[in-house]
Every structure is written in C-alpha cells, then in structure tokens.
Amino acid sequence: MKLNIKCFMKKGLCVAALIFTAGVSAFAQGITTANEFFKAVSDKYATFKDYQAVVDIKIGNTPMAATVTYMAPDKMRMDYTNPANQTIVYDGKKLICYLPESASVLTQDATGANPTTSEGLSLLRRYYTVSYEKGQGKVPLDEGSDEMVIKLILWRRTASESFRNIKMSIDPDTKLIRRIVATTPGGVVYQFDFKNYEINQGLTAKRFEYDIPSGANNYDNFLFAD
C-alpha cells in the first residue's frame, strides 16, 4: 500500500490544529478577566443587607482605626478607636463627622457611594479601568505573608476623579475586600485594611442615628464653607 505523504501531512496538521484549538479553548475557559472578577466582587456585595468590619486606616503616615458598619442601600457609620470617640455617620442624606479633639461636629447634606458597597464598586467600574496588578493568580497580601489574595489595580479614566489609582486586595474565596490603597494625584496614600467581617446581622436604621454631643461646635455644609 502506497502511503500518500501529502494526505498524511494534511490530516496530521488538521488533527494538530484540533488538539491545539481544544487546548486553547480549555485554557481560555480557565481565564477570568479582571473586569469579570471585579464584577463578581460587586455581585457578592450586592447580596449584603448589612455588614460590620474592623478597619485599620493609614493616611500618609498617620494611623487610625475604626469599626465600619453598613446597611443597604446607603447607610454607613464609622466608630473610631483611634482617635478615640471620633465618629462619622452617613444616613443616606446627611454626613455627620464628630471630632472629639476639637469638640466639633461637621455636617453636610450629601449623596455618595461607599467603595465597599455594590453601588460603590459599580461606580468604580464606570470611572476606572480595572486590571490585575500581578496576574490572576493568588499572591501574598504582603511580602512573606501566608494570607493569599487577588490584587487588582484601578486607573482613573479622567482627571476629574479624586484618586489617580486604587489598588484592591481581595480574598479569592469569599470575594471580600481585604485592603484598599488609594493614591491621590498629589501622592497622598490612603490605606484601609478590613478584617473580622460580620455579614447580614439584621441591623436597623436606628444604628445610624447619631445624637450630637452637647456643647460641641457645629459647622454646617463644611465641604463648601469658605
């Protein structure tokens, strides 16, 4: 029997092409784009009726610490342990900041979105481009750390955004945000480390009521004051 070399080669190339195509398809199915992963995080937060977490904060070289409490769709409260007794409350309409060191209460009628909520994450997807900082695989939260996370970096689309870029470290299993590092155009770095999440505790709006301490100096509309 005479072997048709050309036919054999053609068949061989076709088989190789099929194998290669199947391999590429299987590989592609294992790829999650940064946008897809970020949307999964947003979808996860959309299931939260409320949550509470401990957050360590660093603004520049200044450390702070607080407990953050959120209730859907737009209520947020931060009770600080450092500086002690400082409080920030947002009830969806008004922002209240109590600064104990100066016995001052700053208030502002405002609307906004917390970046660690589904709404806030959706807005970030709109105004920032999302990519992996170090690829889609797990990496240590810090050098030498045993805690593994997925790291994303968000770059602002326009110069009107408050932060030049925002880095997020996310638990790949729970889809909970572990760390946010936001850098302003001027180079000021805001870092937020979240831990000890408690989710869907059945909080009520009463948790976000705040009685202004008597004797405090009140400053209304402080964001736009001269």
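Here are some questions and answers on how features of this predicted model get their labels. Local features need pLDDT of at least 70, side-chain atom pairs count only at pLDDT 80 or more, and totals for chains, interfaces and linings use all residues. Residues are numbered from 1 along each chain as its sequence is written, and side-chain values use heavy atoms, leaving out hydrogens and water.

Q: Why is the pair of Phe48 and Tyr51 called edge-to-face?
A: Rings of Phe, Tyr and Trp (its six-membered ring) pair if their centres lie within 6.5 Å, with planes under 30 degrees apart counted as stacked, over 60 as edge-to-face and the rest as tilted. The centres of Phe48 and Tyr51 are 6.1 Å apart and their planes meet at 75°, so the pair is edge-to-face.

Q: Why does Phe48 count as buried or exposed?
A: Buried means under 20% relative accessible area, exposed over 50%, and partly exposed in between (1.4 Å probe, protein chains only). Phe48 has 5% relative accessibility, so it counts as buried. Tyr51 is also buried, at 0%.

Q: How do you know that E10 pairs with E9?
A: Strands (E, at least two residues) are DSSP runs, numbered from the N terminus, and two of them pair if DSSP finds at least two bridges between them. E9 and E10 have six bridges, in the antiparallel sense; Leu152 has Met168 in E10 as its bridge partner.

Q: What makes E10 largely enclosed by the rest of the structure?
A: Five of the six residues of E10 are buried, so that description fits.

Definitions and conventions: Helix = DSSP H or I, 4+ residues; strand = E, 2+ residues; numbered from the N terminus.
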